[in-house]
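This report introduces a single protein chain to a reader who has not met it before. Please keep the sequence and the model at hand while reading.

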Amino acid sequence: MEEEPNRRRLYQVWRGSNKFLCGGRLIFGPDAGSLFLSTALIAGPLVGLCCQCITKMNSSASDQKNHVLALPVLIVTVVLGLANLAFLLLTSSRDPGIVPRNARAPECGAEEQAVDMTTPSTEWVNAASPHLRVPRTKDVVVNGCTVKVKYCDTCLLYRPPRTSHCSICNNCVQKFDHHCPWVGQCIGLRNYRFFFLFISTSTFLCFYVFALSWLNITTEREEYGGSLLKSMRGEVLSVVLIVYTFVSVWFVGGLTVFHTYLMSTNQTTYENFRYRYDKKENPYNRGALANVAEVFFTRMPPSLNRFRSWVSDDEDAYGGAGGGPLSPMSGGLDLEMGRKGVHYSGGGVPAILQGMDYSEMEKMEGAGVHVKDRQAPPEAPDLFMISAARQHDVGCGGGDRSPPIVHDQDAERTLVSSNENSER
């Protein structure tokens, strides 16, 4: 199918820092090159163990001796290795839960009068619409607890609860956990399940290879005169695998234990370091079993972005004409205001400001406030300072420069009275 000249796929005009493959079917982070390093660190020791199995199988055929590293070990090693790499790919190549961004800042229509646009907590949020002010944060009630949601200046939307903006991928991600450099992707709502399976199978593989390498050294000790040291010298590859897995298990094993705790308490890494729910109530904690079931036994939510959809140059390709599905401009459930039926107008100025003539105000550059620049009004000129400047210019020979004109009312009254006296 040929591409139309004025239409492109959404992933081709995506504003985030992601990388796409297979026509937008696979989405990676900007540091996706780390996948090659992670794959090598996983496949390296497994390939070494498989080579040992094949060698022992060939030697057992000739000396009629059973070895620990036999065909069953080879099969289990291949299956576990492929599963671990599959979890790695599923974690890094899928949408982690990116929230579609808006093309414009949220706006309040005539029917939305609940938002106070003049409260001290409001700030300027968009240079393109300097006359609009929206609250920086809003309160949302989650399971009886008040949670603040923040406005994202990059995505131009209020982040739903548990959503945070990743500075590496430049996207707001639902249930943002962290950005993992080893998988080159954000860990969020839609790939946390596979991330946990990846680190847990990596931990199991470390114990698996470590135990088999020690068993191989101890069972082969008979061929080296019963000496364990000589057996270690003869089985150098097993010694290397023991050292490698012993060092690696401290990293992936510690990560697995930490995320097991987070999963059982329904926290994310970002929330654990940012909010410290152990000091206050966690509104998302429903019990250990329910929290684990939420990760593994609930239906995977669909992606909010259709990266292969066609978009034209004259339409909004990043959130639709009315904003993204989770933006404050959309209808239905309003996560920020906590109620339904809130709709926003599509105009550029709220109804309360639509009667003002901003074009005439922008023309008054010499007097008043310039609306676009949002600068403070200029201070009134000091007549004494201007008079001193005039005397200085005259004394220094200002040339053809005409001094500033200052209207002194007292001087004018004196001049008029003197003229009247001369006429009399």
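The following paragraphs treat the overall make-up, the nonpolar cores, two helices and several individual residues.

## Overall make-up and confidence

The structure is a predicted model. It comprises 424 residues, of which 39% count as buried. Its secondary structure amounts to 10 helices and 15 strands. Among the contacts with a separation of 6 or more, 62% are made by residues 24 or more positions apart.

The average pLDDT of the protein is 76, and 64% of the residues score at least 70. Two stretches may be set apart in this respect. Over residues 109–122 the pLDDT stays under 50, and the model has 26 contacts beyond four places in sequence for them. Over residues 319–408 the pLDDT also stays under 50, and here the model has 115 contacts beyond four places in sequence.

## The nonpolar cores

Which residues touch the most other members of the largest nonpolar core? They are Leu49, Tyr192, Phe198 and Tyr208, in a core of 31 residues. Two or more residues of this core are given by each of α1 (34–63), α2 (71–92), α3 (192–219) and α5 (236–265). The largest share, 10 residues, comes from α3.

Phenylalanine 198 illustrates the surroundings of one such core member. Leaving out residues up to four places away in sequence, Phe198 touches Ile42, Asn84, Phe87, Leu88, Thr91 and Val183. Apart from the largest core lies another one, of eight residues, including Val13, Trp14, Phe20 and Phe307.

## Helix α2

The 22 residues of α2 should span 32 Å at 1.5 Å a residue, and the end C-alpha atoms of α2 are indeed 32 Å apart, so the two values agree. Buried in α2 are Val73, Leu74, Thr77, Gly81, Asn84, Phe87, Leu88, Thr91 and Ser92. These residues lie on the same side of α2, because they cover an arc of only 165° around the axis. On the other side of α2, Pro72, Val79 and Leu82 are exposed. Several of the buried residues of α2 have been named above: Asn84, Phe87, Leu88 and Thr91 are in contact with Phe198.

## Helix α5

Helix α5 has 30 residues and reaches 43 Å from its first C-alpha to its last, close to the 44 Å expected at 1.5 Å a residue. At valine 249 the helix bends by about 35°. Val249 is itself buried, as are Ser238, Leu241, Ile242, Thr245, Ser248, Gly253, Thr256, His259, Leu262, Met263 and Thr265. Just after α5, asparagine 266 takes a positive phi of about 55°.

## Asparagines with positive phi

Most residues other than glycine have a negative phi. Two further asparagines that depart from this sign lie in loops between strands, and the table sets out their values.

| Residue | Phi | Loop between | Relative accessibility |
|---|---|---|---|
| Asn143 | near 55° | β6 (137–142) and β7 (145–152) | 61% |
| Asn170 | near 60° | β9 (164–166) and β10 (171–173) | 22% |

With its relative accessibility of 61%, asparagine 143 counts as exposed, since the cut-off for that class is over 50%. Asparagine 170, at 22%, counts as partly exposed, because buried means under 20%.

## Two further residues

Leucine 189 is found in the loop between β12 (185–187) and α3. Is leucine 189 partly exposed or buried? Its relative accessibility of 31% means that leucine 189 counts as partly exposed. The contacts of leucine 189, its neighbours within four places in sequence left aside, are with Pro96, Gln174, Lys175, Met300 and Pro301. Between the C-alpha atoms of leucine 189 and valine 173, which are 16 residues apart along the chain, the separation is 7.8 Å.

Serine 312 belongs to strand β13, which runs over residues 310–312. With a relative accessible area of 14%, serine 312 is buried, as the cut-off for this class is under 20%. If residues up to four places away in sequence are not counted, serine 312 touches Asn6 and Arg7.

Definitions and conventions. Residues numbered from 1 in each chain as written. Predicted model: local features only at pLDDT ≥ 70, side-chain atom pairs only at ≥ 80, totals over all residues. Heavy atoms only, no water. Core = buried A, V, L, I, M, F, W, Y, C linked by side-chain atoms within 4.5 Å. Buried < 20%, exposed > 50% of the residue type's maximum accessible area, 1.4 Å probe, protein only. Helix = DSSP H or I, 4+ residues; strand = E, 2+ residues; numbered from the N terminus. Contact = heavy atoms within 4.5 Å. Expected span 1.5 Å × (residues − 1). Bend = angle between axes of the 7 residues up to and from the residue. pLDDT = per-residue confidence, 0-100. Arc of directions from axis to C-beta.
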